[in-house]
Amino acid sequence: MKRFALTALAATLSLGLFAGSPKKLLNVSYDPTRELYQDINQVFTRQHKARSGVDLAISQSHGGSGKQARSVLDGLQADVVTLALAYDIDALAEKGRLLPADWQKRLPYNSTPFTSTIVFLVRKGNPKGIKDWNDLIKPGVSVITPNPKTSGGARWNYLAAWGYALRANHGDPSKARAYVQELFRHVPVLDSGARGATTTFVERGLGDVLLAWENEAFLAEKELGKDKFQIVAPSVSILAEPPVAVVDRNVQRHGTAAEAKAYLDFLYTKEAQAIGAKHYYRPREASVAKAYAKSFPKLNLFTIDEVFGGWQKAQKTHFTDGGVFDQIYQPR
Amino acid sequence: MSAASVREPFWVRLLLTLVALAFLAVALVAPLVAVFHQALKDGLALYFAAFQEPEAWAAIRLSLVAATVAVVLNTVFGLAAAWLLARFRFRGKGFLTTLLDIPFVVSPVVAGLIFVLLFGAQGWFGPWLDARDIRIVFALPGIILATTFVSLPFVAREILPTLQAQGTEEEEAARMLGASSWRTFWRITLPNIRWALFSGIVLCSARALGEFGAVSVVSGHIRGETNTLPLHVEILYNEYQFTAAFACASLLTLTALVTLLLKSLLEWRIRAAARRALEIPS
């Protein structure tokens, strides 16, 4: 009798826990997307509830892209990852077998619903007269950028600088290398994530120019006042593609495959694209892109595939231990 | 020889006092004032609004849960360890005493990484735990483990000197009068060390509530789930919500101030108890 009562109790408890409880998704993302996904999650969970009647709770985790990927590999239960660059998600496929290697083909536009680029944020009035990449290595100019080993944004910064130098020197890699080496001599401190670098620049007042995600620069300008900072668009920069993916192994375990897929599909809708544009992420969808065209400076953008032959190759050449970055950067 | 001749000249004393005061003002008082100034400068309404956020509540709750479990575990362990070290002689006692201090000397970040290496999906026990759907890191157990680790030595370290100073006479007397060892512990040993024990618990709680580094490594930073109060302060600061960040920081600072107050009260009690113990034989 007692045993029966216990079994009944356990059954009710587990029913209560599983049937009635809302489904949960965990979005593990990179540093500057906090505000973006806060807004998107709100709209998506409302729509999901209206459509299916089931409550969905979406949790967020943010940090440097490389660090976040490392956490997911170490067991952080991400249902979806929305990271700064494809290489970090490749690592999940390669080292952890958490999703198939061809994950980037599963969603439109290389699985990147929004793009961004790298611009300069300078102090009001641009006292050091910084207009283009070449001005960053002038004597007395101090540059803030995070650590390319841990931060996705920092890797885009580095590659944007390298790509500029290649173009300026008719594709001569040794001159590009010399330029980037000189550039990092002007960097007094390497933060671990993009947001950390932004606070170093705007709050602690270090440096004359911040190399930043376009969205991060706009946000800092908006939050902290246009009377303090201004954005400088260089002549040429890189098309940054921060991709998204469902983590197959985790959603199978959580039973959230359908929700995770719907969540990422939602990012491509006009509604979500417009939310992205409001947060200064460049939309992919043509009509939304046109509507917000005026918000974004016109820049000459090159892609990583054109200049570096893709992320795998760029990572191997520049950012692995003992790679070009390790060779040219000496901490002070 | 008069007392005055061994004293330093007046100006030396004055200078030393001023230097000490200036240092304290810059290193301790100014940051304290700054925290409360930043938190309150936009008015009380905004200050309290910071605590109405569900994420802030979740962070406070998680910090309290983790600290409570850590303090209970460390109190039991601290009592056992201090008892062992004070009352028994055995091989490797010095080594054990040194081991006790490991959490003091190991960087908290390293402590956190150790737990990821042990219990992470790629770690030693990772595959075994994963197969059984048990989560340690990036979940509550990992946060409790990390908190317990960094606050481990406080209770043992606080009561060990008192236990050693007390000697064994009272306990031996109790045993000879027929008390069981359990009864001796509750009636003789524990009352004798109670103020030192409280003091250890207070320090342990303060450390557990304030821990950042180790918890940051094992947290996974899931908002509303695995962010403790110190981690929440960092997040708010990084999101340009300065008033809320400093409001939460002021809460942590307040617990620190209460800790200091309790600690000095307890030290006063410990000294009083020691004086009484000295007076009785005379």
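Start by selecting chain A and colouring its two domains separately: 19 residues of domain 1 of chain A are in contact with 22 residues of domain 2 of chain A. On the domain 1 side of that contact, α3 and α4 (86-96) of chain A each supply at least two residues. Helix α4(A) gives the most to this side, with four residues. Colour the domain 1 side by residue class and you will find eight nonpolar, five polar and six charged residues. Please keep in mind throughout that this is a predicted model.

To make the domain selections, use 2-112 + 241-267 for domain 1 of chain A and 115-240 + 299-328 for domain 2 of chain A. If you place a marker at the centre of each domain, taken over C-alpha atoms, the two markers will be 31 Å apart.

**Strands in chain A**

Next, select residues 114-123 and 236-240 of chain A, which are strands β4 and β8. How do these two strands pair? They run in the antiparallel sense, over two bridges. To find one position in this pairing, show A:S116, which stands opposite A:A240 in β8(A).

Keep β8(A) on screen and add residues 300-302 of chain A, strand β11. Here the sense is parallel, and β8(A) and β11(A) pair over three bridges. A good place to zoom in is A:I238, which stands opposite A:F302 in β11(A).

**A stop at A:I304**

From there, go to A:I304, which is in helix α14 (residues 304-308) of chain A. Is A:I304 buried or exposed? It counts as buried because it has 23 C-beta neighbours inside 10 Å, and the cut-off for buried is 20 or more.

Now show what surrounds it. Leaving aside neighbours within four places in sequence, A:I304 is in contact with A:L159, A:I238, A:G310, A:W311 and A:A314. You have already met A:I238 in this tour, as the residue opposite A:F302. For a distance label, pick the C-alpha atoms of A:I304 and A:G163: they are 8.8 Å apart in space, while the two residues are 141 residues apart in sequence.

**Two positive phi values**

Select A:H170 next, in the loop between α6 (152-168) and α7 (173-185) of chain A. Its phi is near 55°, a positive value in a residue other than glycine. A:H170 counts as exposed because it has 7 C-beta neighbours inside 10 Å, with exposed meaning 12 or fewer.

Then jump to A:Y280, in the loop between α12 (270-278) and β10 (282-283) of chain A. Phi of A:Y280 is near 70°, also a positive value in a residue other than glycine. What are the surroundings of A:Y280 like, buried or exposed? This residue is buried, with 23 other C-beta atoms within 10 Å.

**Where the chains meet**

Bring chain B into view and select the contact between the chains. It takes 17 residues from chain A and 16 residues from chain B. On the chain A side, β2 (56-62), α3 (65-73), α8 (194-202) and α9 (214-224) each supply at least two residues. The largest share of the chain A side, four residues, comes from β2(A). By class, the chain A side divides into four nonpolar, nine polar and four charged residues.

**Chain B**

Hide chain A and look at chain B in cartoon form. Its secondary structure comes to 15 helices and zero strands. The C-alpha trace of chain B spans about 65 × 65 × 30 Å along its principal axes. If you colour by burial, buried residues make up 34% of the 282 residues in chain B. For a contact map, consider contacts between residues at least 6 apart in sequence: 75% of these in chain B join residues at least 24 apart.

Chain B is divided into domain 1 (1-41) and domain 2 (43-279). Their centres, taken over C-alpha atoms, are separated by 31 Å. Six residues of domain 1 of chain B are in contact with nine residues of domain 2 of chain B. The domain 1 side of this contact has five nonpolar residues, one polar and no charged.

For the last stop, select residues 181-210 of chain B, helix α12. What is the span of this helix between its end C-alpha atoms? It spans only 37 Å, where a straight helix of 30 residues would span 44 Å at 1.5 Å a residue. Centre the view on B:R194 to see a kink of about 60° in α12(B).

Conventions:
Residues numbered from 1 in each chain as written. Chains lettered and ligands numbered in written order. Predicted model: local features only at pLDDT ≥ 70, side-chain atom pairs only at ≥ 80, totals over all residues. Contact = placed C-beta atoms within 7 Å. Nonpolar A, V, L, I, M, F, W, Y, C, P; charged D, E, K, R; others polar. Domains from an automatic or database assignment. Expected span 1.5 Å × (residues − 1). Bend = angle between axes of the 7 residues up to and from the residue. Pairing = 2+ DSSP bridges.
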